[in-house]
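Dear colleague,

I am handing over the structure we spoke about, with a short account of its side-chain contacts below. Please have the sequence and the structure open while you read.

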Amino acid sequence: MKFFSMLWKGGRLDSSDALCTEHYMLKLMLIIIFPPFAVWLDQHEKNYPNTLKIMYCFILTSLLYFPGLLYAISIVKLYD
């Protein structure tokens, strides 16, 4: 459970571990692996102001990967 918390929030498992990541790195990995999930995560953090963005990204990713990827890059805010 600590490992997933570390991945989500960024940080270290213990003081002796060197494994750490920032929240924007998780979002960037999700954008590359599956863009609609990254858009969903971004909308979830904003309390779903526009759920159509998730559907648009899913449709664009279904047609071809790169239109969905470009749409997700333009929508998802990596830094707070």
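A helix here is a DSSP run of H or I that holds at least four residues, and helices are numbered from the N terminus. Please keep in mind throughout that this is a predicted model.

I begin with the aromatic side chains, of which the structure holds two pairs. In one of them, Phe37 and Trp40 are stacked, with 5.4 Å from centre to centre and 20° between the planes, an angle that falls in the stacked class because planes under 30 degrees apart are counted there. Phe37 and Trp40 both belong to helix α3, which covers residues 35-45, and because they are three residues apart in that helix, about one helical turn separates them. Phe37 is partly exposed at a relative accessible area of 37%, and Trp40 is likewise partly exposed, at 31%. The rings of Tyr65 and Phe66 make an edge-to-face pair, since their planes stand at 75° while their centres are 5.3 Å apart. Of these two residues, Tyr65 is partly exposed with a relative accessibility of 31%, whereas Phe66 reaches 57% and counts as exposed.

Turning to the charged side chains, how many salt bridges does the structure hold? There are three, and as background, side chains of opposite charge can pair when their charged atoms come close. One salt bridge joins Lys27 to Asp42, with an N to O distance of 3.9 Å; because Lys27 sits in helix α2 (residues 23-33) and Asp42 in helix α3, this pair ties together parts that are 15 residues apart in sequence. Are these two partners buried or exposed? Lys27 is buried, at 2% relative accessibility, and Asp42 is buried as well, with a relative accessible area of 2%.

Lys27 also meets Glu45 in a salt bridge of 2.9 Å, N to O, and this pair links distant parts of the chain, since Lys27 is in helix α2 and Glu45 in helix α3, 18 residues apart. Glu45, for its part, is partly exposed at 34% relative accessibility. Asp42, in turn, forms a salt bridge with Lys46 at 3.1 Å, N to O, and Lys46 counts as partly exposed at 39%. Taken together, Lys27, Asp42, Glu45 and Lys46 are linked in a network of salt bridges, in which Lys27 is a buried member and Lys46 a partly exposed one.

With best wishes

Methods:
Residues are numbered from 1 along each chain as its sequence is written. This is a predicted model: local features need pLDDT of at least 70, side-chain atom pairs count only at pLDDT 80 or more; totals for chains, interfaces and linings use all residues. Side-chain values use heavy atoms; hydrogens and water are left out. Rings of Phe, Tyr and Trp (its six-membered ring) pair if their centres lie within 6.5 Å; planes under 30 degrees apart count as stacked, over 60 as edge-to-face and the rest as tilted. Helices (H or I, at least four residues) and strands (E, at least two) are DSSP runs, numbered from the N terminus. Buried means under 20% relative accessible area, exposed over 50%, partly exposed in between (1.4 Å probe, protein chains only). A salt bridge is a side-chain nitrogen of Lys or Arg within 4 Å of a carboxyl oxygen of Asp or Glu.
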